[in-house]
Amino acid sequence: MRHPDADQVHFGGNEWFLAVDGSRVGRYMGSSRASYAAVATNAEGEVMLSVSGLVQATLPCQNTSGRGELEAVLALLRNFGAFPVKFYTDYQRAIDGLNRGQEWCCSAQRRDADLWRLIWARYD
């Protein structure tokens with residue numbers, strides 16, 4: 001996924017590629033766990049950073065793969081500072097959210113608005 005204003009991330013002349021993913025194991029909300037992973041590689045394909053963990057969920061309904069995707073985006077932003085970055089995701093809601101803007105993402109009507117607020121705080 002590429003934000004319209006983003007360039008590739010460069011550290012020490014190296015080009016970095018960032019990828020995120022989220023998943024959930026278990027069929028029923030009460031007995032499932034969601035997780036995330038984020039990986040950064042250099043232009044030669046060497047893994048320079050990998051971050052993974054369990055989704056921080058207060059309510060069982062928050063254990064979703066979508067929340068995992070957003071936590072992966074946040075993990076990258078925490079480790080790389082702020083935008084501009086170029087990263088890849090298969091989660092359309094992350095792409096749509098960045099394209100629609102902060103007001104749409106952080107609205108109280110949005111699922112995972114708490115994560116969106118943390119993402120946008122790093123984005124700005």
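## Exercises on a predicted model

In this predicted model, aspartate 114 has a relative accessible area of 35% and is therefore partly exposed.

### Exercise 1: the salt-bridge network

Determine how many salt bridges the model holds, and work out which residues they join into one network.

**Solution.** Step one is the count, and by the rule used here the count comes to 3 salt bridges.

Step two begins with aspartate 114, whose side chain meets that of arginine 67 in a salt bridge with an N to O distance of 2.7 Å. Because arginine 67 belongs to helix H1 and aspartate 114 to helix H4, this pair ties together parts that are 47 residues apart in sequence.

Step three moves to aspartate 112, which also meets the side chain of arginine 67 in a salt bridge, here at 2.9 Å from N to O. Since aspartate 112 lies in the loop between H3 and H4, while arginine 67 lies in helix H1 (residues 65-80), the pair ties together parts that are 45 residues apart in sequence.

Step four adds arginine 93, whose side chain forms a salt bridge with that of aspartate 112 (2.8 Å, N to O). This pair links distant parts of the chain, with arginine 93 in helix H2 (residues 92-100) and aspartate 112 in the loop between H3 and H4, 19 residues apart.

Step five puts the pairs together: through shared partners, the salt bridges join Arg67, Arg93, Asp112 and Asp114 into one network.

### Exercise 2: buried or exposed?

Decide whether arginine 67, arginine 93 and aspartate 112 are buried or exposed, and then describe the backbone of aspartate 112.

**Solution.** The cut-off needed for the first step is that a residue is buried when its relative accessible area is under 20%. Arginine 67 has a value of 3% and is therefore buried. Arginine 93, at 17%, also counts as buried, and aspartate 112 is buried with a value of 9%.

For the second step, look at the backbone of aspartate 112, where phi is positive, at about 65°, although this residue is not a glycine. Its place is in the loop between helix H3 (102-106) and helix H4 (113-123).

### Exercise 3: the hairpin

Describe how strands E3 and E4 are joined, and find which residue in E4 is the bridge partner of alanine 37.

**Solution.** First, establish the direction: strand E3 (residues 33-42) and strand E4 (residues 47-54) run antiparallel, and 7 bridges join them. Next, pick out one bridge, in which alanine 37 has serine 52 in E4 as its partner. Finally, follow the chain through the turn, since E3 and E4 form a hairpin with 4 residues between them, and glycine 45 in that turn has a positive phi of about 90°.

### Exercise 4: the nonpolar core

Find which element gives the most residues to the largest nonpolar core, and list what isoleucine 119 is in contact with beyond its neighbours in sequence.

**Solution.** Begin with the core itself, which has 23 residues, and in which Val20, Leu70, Trp116, Ile119 and Trp120 have the most contacts. At least two residues of this core come from each of strand E2 (14-25), E3, H1, H2, H3 and H4, and H1 gives the most, with 7 residues. Then turn to isoleucine 119, which, when neighbours within four places in sequence are left aside, is in contact with Leu70, Val73, Leu74 and Leu77.

### Exercise 5: charge and ring

Find which ring the charged end of arginine 100 sits over, and then give the count of aromatic pairs.

**Solution.** The charged end of arginine 100 sits over the ring of tryptophan 104, at 4.5 Å from the ring's centre. For the second part, the count of aromatic pairs comes to 0 by the rule used here.

Key
Residues are numbered from 1 along each chain as its sequence is written. This is a predicted model: local features need pLDDT of at least 70, side-chain atom pairs count only at pLDDT 80 or more; totals for chains, interfaces and linings use all residues. Side-chain values use heavy atoms; hydrogens and water are left out. Two strands pair if DSSP finds at least two bridges between them. Rings of Phe, Tyr and Trp (its six-membered ring) pair if their centres lie within 6.5 Å; planes under 30 degrees apart count as stacked, over 60 as edge-to-face and the rest as tilted. A charge sits over a ring if NZ of Lys or CZ of Arg is within 6 Å of the ring centre and within 35 degrees of the ring normal. A salt bridge is a side-chain nitrogen of Lys or Arg within 4 Å of a carboxyl oxygen of Asp or Glu. Buried means under 20% relative accessible area, exposed over 50%, partly exposed in between (1.4 Å probe, protein chains only). A nonpolar core is a set of buried Ala, Val, Leu, Ile, Met, Phe, Trp, Tyr and Cys residues joined through side-chain atoms within 4.5 Å. Contact means heavy atoms within 4.5 Å.
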